[in-house]
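Got your viewer open? Here's a short tour, one selection at a time.

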Amino acid sequence: MATVLVRDATSADAAAVRDVVTRAFERPGEAKLVELLHAAGKSLVALVAERDGHVVGHVLFSPVALAGAPLGSGLAPLAVAPELHDRGIGGVLVRAGLERCRTAGHAYVVVLGSPVYYGRFGFVPADRFGLGCEYDVPPGVFQVIELVPGALAGRSGLVRYAAEFATV
């Protein structure tokens with residue numbers, strides 16, 4: 001496989017990101033979410049993976065709210081071109097995004113997804129911290145990682161995503 005370059009997403013990537021995200025999820029909702037979050041200025045971290053000059057993956061981190069907690073973000077969506085699944089591109093995007101979030105001062109990141117997949121990056125079930133998700137999801141699917149050790153100590157409650165999530 002050719003080398004994958006991870007870089008900040010730019011407005012020039014919009015069409016390619018829309019294509020990758022739509023194909024990865026096999027529906028347009030997540031691509032619309034990306035566009036809404038960008039338009040609202042809620043893209044805290046947005047990265048693309050580029051291979052041979054083409055965008056082949058995308059990850060977005062947007063603000064989440066937990067009463068009394070420091071800045072946190074939600075990882076969603078993560079998308080990789082279907083023909084390139086299982087090649088490590090998603091993992092490269094997640095690791096780079098988490099590092100970018102850490103550097104930007106985000107105290108924690110939440111995600112809705114496979115515990116097996118996201119567990120490899122250090123995510124754990126959010127209920128271990130007494131955190132709940134505003135969406136009805138199966139146990140273990142709502143996960144969190146502290147980027148600042150102890151940032152969630154003594155905090156609990158419902159984590160709320162950006163309003164744009166409710167529109168798609």
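Start by selecting F142. Leaving out residues up to four places away in sequence, F142 touches V110, V111, L112, V124, P125, A126, L131, G132, C133, V137, V159 and Y161. Keep in mind as you click around that this is a predicted model.

Now widen the view to the largest nonpolar core, which has 29 residues. Y108, V110, L131 and F142 are the members that touch the most others in it. Which helix gives this core its largest share? Color residues 29-39: that's helix α2, and it supplies four residues.

There is a second core to look at, separate from that one, with 24 residues. To find your way in, select L47, L98, Y118 and F121, which are among its members.

L98 also leads to the next stop, since it is one of the buried residues of helix α3. Select residues 89-103 to see the whole helix, 15 residues in all. From first C-alpha to last, α3 reaches 21 Å, close to the 21 Å expected. Its buried residues also include I89, G90, G91, L93, V94, G97 and C101. Just past the helix, click on G105: its phi is positive, near 90°.

Last stop: strand β2, residues 45-51, where you'll find E50. Is E50 buried or exposed? It counts as buried, because its relative accessibility is 18%, under the 20% cut-off. Show its side chain along with that of R7, and you'll see a polar contact of 2.8 Å joining the two. Setting aside neighbours within four places in sequence, E50 is in contact with T3, V4, L5, R7, V55 and V56.

Terms used:
Residues numbered from 1 in each chain as written. Predicted model: local features only at pLDDT ≥ 70, side-chain atom pairs only at ≥ 80, totals over all residues. Heavy atoms only, no water. Helix = DSSP H or I, 4+ residues; strand = E, 2+ residues; numbered from the N terminus. Expected span 1.5 Å × (residues − 1). Buried < 20%, exposed > 50% of the residue type's maximum accessible area, 1.4 Å probe, protein only. Polar contact = N/O pair within 3.5 Å; in protein donor to acceptor, adjacent residues only side chain to side chain. Contact = heavy atoms within 4.5 Å. Core = buried A, V, L, I, M, F, W, Y, C linked by side-chain atoms within 4.5 Å.
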